[in-house]
Amino acid sequence: MKSLMKAILSASVAAMCLAGAARADEEMRDMATGIFEPLPSTIPAVSDNPITPEKIELGKALFFDPRLSASGIFSCNSCHNLATGGDDNLETSIGHGWQKGPRNAPTALNAVFNVAQFWDGRAEDLKAQAKGPVQAGVEMANTPENVVETLKSMPQYVTWFEESFPDEEDPVTFDNMAKAIEAFEATLLTPSPFDAWLNGDDGALSEAQKAGLQVFMDKGCTACHNGVNVGG
């Protein structure tokens with residue numbers, strides 16, 4: 001009988017502990033969802049640029065193509081390497097003529113959610129940002145006219161642009177190059193266990209991670225690090 005009573009008591013205590021932990025999780029999640037936003041599981045819409053599968057594939061080809069640079073050496077991926085976290089892991093990036101730029105490269109991952117692009121926010125969106133490095137003398141050192149001439153010289157690119165911008169008479173333009181790259185970069189999303197936890201999966205984070213999140217919020221880190229990009 002004593003063994004049975006001990007078992008019942010232990011089960012009751014365990015149930016109370018689980019219930020308490022569940023309440024604590026819900027309270028923490030309520031607090032967290034007022035500060036952070038989970039990354040979406042679908043490609044977000046961008047302004048003035050409907051995203052289509054054709055445009056994404058074109059943008060992907062352009063992102064990795066060094067022929068957008070004057071030297072034929074540097075691509076978008078050279079500085080925003082998708083195999084190394086979306087940047088080049090250098091203090092300052094290396095560009096045309098092996099020059100070093102004044103700043104390091106921010107990651108391209110989840111960049112579509114930034115309120116502005118470049119460290120100083122001078123580009124309002126990814127299509128505006130995509131035009132900058134192509135023309136920068138210390139990066140790709142090219143001109144819009146030369147980029148368009150290069151792209152028009154390759155029949156496959158002409159076909160891809162026609163498929164991506166079917167309503168345009170002359171779709172191979174510098175603006176459309178930037179729009180295609182923006183469409184591809186909008187797919188570079190990295191949902192994490194934290195996003196799953198924000199969406200209601202209690203088991204997505206360990207107890208240590210939850211404790212760390214509580215400290216992160218309690219100590220005021222969220223004053224700067226918040227939103228969908230945790231400060232991006």
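These are my notebook entries on one protein, kept in the order I looked things up.

**Entry 1: the model and its fold**

I am working from a predicted model, so I keep that in mind throughout. I looked up the secondary structure before anything else. The protein has nine helices and zero strands. Reading along the sequence, I wrote the pattern down as α-α-α-α-α-α-α-α-α.

**Entry 2: overall dimensions**

How does the radius of gyration of the protein stand against that of a compact globule of 232 residues? I found 24 Å for the protein, where such a globule would come out near 17 Å. I then took the spans of the C-alpha trace along its principal axes, and they are about 90 × 40 × 25 Å. I also checked burial: 36% of the 232 residues count as buried.

**Entry 3: a negative patch**

Next I turned to charge on the surface. Which residues form a negative surface patch? They are Glu 54, Glu 57, Glu 162 and Glu 163. I looked up the helices behind them, and α2 (53-63) and α6 (155-164) each supply at least two residues of this patch. I picked Glu 162 for a closer look, and its place is in helix α6. Is Glu 162 buried, partly exposed or exposed? Its relative accessible area is 44%, so I noted Glu 162 as partly exposed. Patch members need over 30% relative accessible area, and the 44% of Glu 162 fits that.

**Entry 4: Asp 48 in a loop**

Backbone angles came next. Most residues other than glycine have a negative phi. Asp 48 caught my eye here, with a positive phi near 55° in a residue that is not glycine. I placed Asp 48 in the loop between α1 (2-33) and α2. With 66% relative accessibility, Asp 48 counts as exposed, because the cut-off for exposed is over 50%.

**Entry 5: Trp 98, looked up twice**

Trp 98 also went on my phi list: its value is positive, about 60°, although Trp 98 is not a glycine. Where is Trp 98 found? I traced it to the loop between α3 (76-79) and α4 (126-135). Trp 98 then turned up again when I went through the nonpolar surface. Together with Ile 73, Leu 90 and Ile 94, Trp 98 makes a nonpolar surface patch of about 400 Å². Is Trp 98 buried or exposed? It is exposed, with a relative accessible area of 60%.

**Entry 6: for my own recall**

I close with two residues to revisit in the viewer. Glu 162 sits in helix α6, whereas the place of Trp 98 is in the loop between α3 and α4.

Technical notes
Residues are numbered from 1 along each chain as its sequence is written. This is a predicted model: local features need pLDDT of at least 70, side-chain atom pairs count only at pLDDT 80 or more; totals for chains, interfaces and linings use all residues. Side-chain values use heavy atoms; hydrogens and water are left out. Patches are made of residues with over 30% relative accessible area and no salt bridge: like charges are joined within 9 Å, nonpolar side chains (Val, Leu, Ile, Met, Phe, Trp, Tyr) within 5 Å. Accessible areas come from the Shrake-Rupley method with a 1.4 Å probe; for residues, only the protein chains shown count as cover. A salt bridge is a side-chain nitrogen of Lys or Arg within 4 Å of a carboxyl oxygen of Asp or Glu. Lys and Arg count as positive and Asp and Glu as negative; His and the chain ends are not counted. The place of a charge is taken as NZ of Lys, CZ of Arg, CG of Asp or CD of Glu. Helices (H or I, at least four residues) and strands (E, at least two) are DSSP runs, numbered from the N terminus. Buried means under 20% relative accessible area, exposed over 50%, partly exposed in between (1.4 Å probe, protein chains only). The radius of gyration is taken over C-alpha atoms; the globule rule is 2.2 Å times the number of residues to the power 0.38.
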